[in-house]
Amino acid sequence: MMPISIRRISEPRGFTLIEMLVTLLIMGVLAGLATLAVGGQAQRQANDEAQRLYQILGYASEEATLAGEEYGLLVDDDGYGFVRFDPGEEQWLPAPARAFADHELPVGLRMEISVEDTPVLAAARRNDALRSPEVVILSSGEISSFHMDFVSGKDSDPVASISSDGSGSLVRE
């Protein structure tokens with residue numbers, strides 16, 4: 001009689017190397033897509049806000065010329081608003097048009113402004129009812145010289161910018 005050999009069928013004890021590599025590849029691709037989606041959103045917000053302000057400044061320039069009034073842009077840490085100079089009261093008052101309503105920036109976005117090549121510090125931009133605007137839009141069509149950067153998060157590199165050389169033309173980069 002011949003001995004009968006009994007073979008044990010081995011049970012799987014883990015994942016194969018191929019399965020692990022495919023899993024890591026899929027996780028890497030998903031992590032990359034998530035990073036691009038989040039990073040792109042902050043940049044897109046900054047560009048959208050720069051475009052919005054650029055258009056409102058253009059509208060304010062046209063409105064100042066047509067109405068014969070002076071407008072100003074007040075920049076704060078968390079947003080901006082427009083004012084109109086009232087010659088009767090000899091002071092800046094909130095601009096009445098809905099397009100000039102105060103606007104709050106999205107969280108994580110900030111604006112850095114320089115007026116005539118001099119940076120305006122955040123402490124000097126605090127809400128003060130009697131302060132003068134950083135940017136003045138005259139009825140003659142001129143806009144004071146300024147450069148404004150839109151910076152997203154903790155980055156120091158601007159994502160977008162708006163500037164004027166003082167002649168009335170606006171440039172968006």
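Biologist: Which helix does Leu33 lie in?
Modeller: Keep in mind that this is a predicted model. In it, one helix covers residues 17-67. Leu33 lies in that helix, which is α1.

Biologist: Is Leu33 buried or exposed?
Modeller: A residue counts as exposed when its relative accessible area is over 50%. For Leu33 the value is 51%, so this residue is exposed.

Biologist: Which residues form a nonpolar patch on the surface, and what is their accessible area together?
Modeller: Leu33 is one of the members. The others are Ile18, Val22, Leu25, Ile26, Val29 and Leu30. Together, the accessible area of the patch is about 700 Å².

Biologist: Let's turn to the rings. How many aromatic pairs are there?
Modeller: Two rings pair if their centres lie within 6.5 Å. By this rule, the count is 5.

Biologist: Why is the pair of Tyr80 and Phe82 edge-to-face?
Modeller: Planes over 60 degrees apart count as edge-to-face. The ring centres of Tyr80 and Phe82 are 6.5 Å apart, and the pair is edge-to-face because the planes stand at 90°.

Biologist: How many residues apart in sequence are the parts that Phe82 and Phe100 tie together?
Modeller: These two rings form a tilted pair, 5.1 Å centre to centre with 40° between the planes. Phe82 lies in strand β2, whereas Phe100 is in the loop between β3 and β4. The pair therefore ties together parts that are apart in sequence by 18 residues.

Biologist: Which residues do ring pairs link into a cluster?
Modeller: Phe82 and Phe100, both buried, belong to the cluster. Ring pairs link them with Tyr59, Tyr71 and Tyr80. The full cluster is Tyr59, Tyr71, Tyr80, Phe82 and Phe100.

Technical notes
Residues are numbered from 1 along each chain as its sequence is written. This is a predicted model: local features need pLDDT of at least 70, side-chain atom pairs count only at pLDDT 80 or more; totals for chains, interfaces and linings use all residues. Side-chain values use heavy atoms; hydrogens and water are left out. Patches are made of residues with over 30% relative accessible area and no salt bridge: like charges are joined within 9 Å, nonpolar side chains (Val, Leu, Ile, Met, Phe, Trp, Tyr) within 5 Å. Accessible areas come from the Shrake-Rupley method with a 1.4 Å probe; for residues, only the protein chains shown count as cover. A salt bridge is a side-chain nitrogen of Lys or Arg within 4 Å of a carboxyl oxygen of Asp or Glu. Helices (H or I, at least four residues) and strands (E, at least two) are DSSP runs, numbered from the N terminus. Buried means under 20% relative accessible area, exposed over 50%, partly exposed in between (1.4 Å probe, protein chains only). Rings of Phe, Tyr and Trp (its six-membered ring) pair if their centres lie within 6.5 Å; planes under 30 degrees apart count as stacked, over 60 as edge-to-face and the rest as tilted.
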